[in-house]
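Student: Please take me closely through one part of this model, the packing of its secondary structure elements and the residues buried among them. I would like one connected account.

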Amino acid sequence: MNKTFIVGADSNCEWMLSWWYANFKKHNKENIPLTICDFGLSKEALDWCEKNKLNVKKVTGATGWFFKPTALRSVKAKQKVWIDVDCEIRGSISPLFDFIESDKLSCSFDRFHSWGCLYQTGVVGVQGDPKILIDWESRCKKPSGPYARGDQELLWDLVGKDYDKKVSIIPEKYNRLRMSLDSEKVHHDTRIIHWTGEAGKKIIENKMKKL
């Protein structure tokens, strides 16, 4: 497999999966394959995946959002793009593969992090199995210290400001954070909105009610 998109969920966040997939299916114009990583899905969610003929891969060895680098390493494809399940896909996403560079992770800047963590890992692209991904997985399997708050903080600790050697930047329109919408209008070419936090989940709930 040359390219694939990846999403993952457990029983706590699987309620967003059908909404995520409906948006993905609508805007995946090139029919690039999708892999759903099972971090602990319920039987009902697995039955839904089977009904929709979706490719599911069981992934173990981590907890919560720390599964992300393990999922990226577990799925076999030349180029892989992870998209969080609380991301709303609103336009063509196949260009995301254009921002992947050898031996790097691709992700967007975070302009809103409370203490300056520079990279946002709601959307992450990678080619093969580079060292930065291996190191990130190692940190996420045993998160500790001041950066153990989440996977993106651990990545920041690994990369720091030396991003030009380890990170390629995805334009913000492919991962626009909810916080930016408080002060900015959504540009017509926004491809993905990341509905972060509890406030974001309430927005997703309201969107799902209107389906």
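Tutor: Contact here means heavy atoms within 4.5 Å. The model is a predicted one.

By that criterion, helix α4 meets helix α5 through Ile132, Asp135, Trp136, Arg139 and Cys140 on the α4 side. The partners in α5 are Asp151, Leu154, Leu155, Asp157, Leu158 and Val159. A packed pair of helices is described by the angle between the axes and by the distance between them. For α4 (residues 131-141) and α5 (residues 151-159), the angle is about 125 degrees and the axes are 10 Å apart. Angles over 145 count as roughly antiparallel and those from 65 to 115 as roughly perpendicular, so α4 is oblique to α5. The crossing of α4 past α5 is right-handed.

The next topic is the nonpolar interior. The largest nonpolar core has 33 residues, and the members that touch the most others are Phe5, Trp20, Ile83 and Leu96. Two or more residues come from each of β1 (3-9), α1 (17-27), β2, α2 (43-51), β4 (79-83), β5 (87-89) and β10 (192-194). Helix α1 is the main contributor, giving five residues, the most of any element. A second core, separate from this one, has 26 residues, among them Ala71, Cys107, Tyr119 and Leu133.

Ile83 shows how the largest core is connected. Not counting residues up to four places away in sequence, Ile83 touches Phe5, Ile6, Val7, Trp20, Ile89, Ile93, Leu96, Gly122, Val123 and Ile192. That list includes Phe5, Trp20 and Leu96, which are named with Ile83 as touching the most other core members.

Strand β2 can be followed through two of its residues. Thr35 lies in β2, which spans residues 34-38. The cut-off for buried is under 20% relative accessible area, so Thr35 at 3% is buried. Beyond its neighbours within four places in sequence, Thr35 is in contact with Met1, Thr4, Phe5, Ile6, Val7, Asn55, Lys57 and Val75. With Asn55 there is also a polar contact, side chain to side chain, of 3.4 Å. Cys37 is in β2 as well, and its relative accessibility is 0%, so Cys37 counts as buried. Again leaving aside neighbours within four places, Cys37 contacts Ile6, Val7, Gly8, Ala9, Lys57, Val59, Ala71 and Val75. Phe5 is not in that list; the C-alpha atoms of Cys37 and Phe5 are 11 Å apart, with their positions 32 residues apart in sequence.

Helix α1 has a buried residue in His27, whose relative accessible area is 14%. Outside the four-place window, the contacts of His27 are Ile89, Arg90, Gly91, Ser92 and Ile93. Before the helix, in the loop between β1 and α1, is Met16. Met16 is also buried, at 3%, although it is a loop residue. Its contacts, with residues up to four places away not counted, are Val85, Asp86, Lys201, Ile204 and Met208. Met16 and Glu205 are 189 residues apart in sequence, yet their C-alpha atoms are 8.3 Å apart.

Helix α2 holds Ala45, which is buried at 9% relative accessibility. Ala45 and Val123 are 78 residues apart along the chain, and 23 Å separates their C-alpha atoms.

Two loop residues differ from these buried ones in accessibility. Asn31, in the loop between α1 and β2, has a relative accessible area of 63% and is exposed. Lys53, in the loop between α2 and β3 (55-58), is exposed at 76%. Most residues other than glycine have a negative phi. Asn31, which is not a glycine, has a positive phi of about 55 degrees, and the phi of Lys53 is likewise positive, near 55 degrees.

How values were computed: Residues numbered from 1 in each chain as written. Predicted model: local features only at pLDDT ≥ 70, side-chain atom pairs only at ≥ 80, totals over all residues. Heavy atoms only, no water. Helix = DSSP H or I, 4+ residues; strand = E, 2+ residues; numbered from the N terminus. Buried < 20%, exposed > 50% of the residue type's maximum accessible area, 1.4 Å probe, protein only. Polar contact = N/O pair within 3.5 Å; in protein donor to acceptor, adjacent residues only side chain to side chain. Core = buried A, V, L, I, M, F, W, Y, C linked by side-chain atoms within 4.5 Å. Axes fitted to C-alpha atoms, helices over the stretch in contact; angles between N-to-C directions. Parallel < 35°, antiparallel > 145°, perpendicular 65-115°, else oblique. Left-handed = near helix turned anticlockwise from the far one by under 90°.
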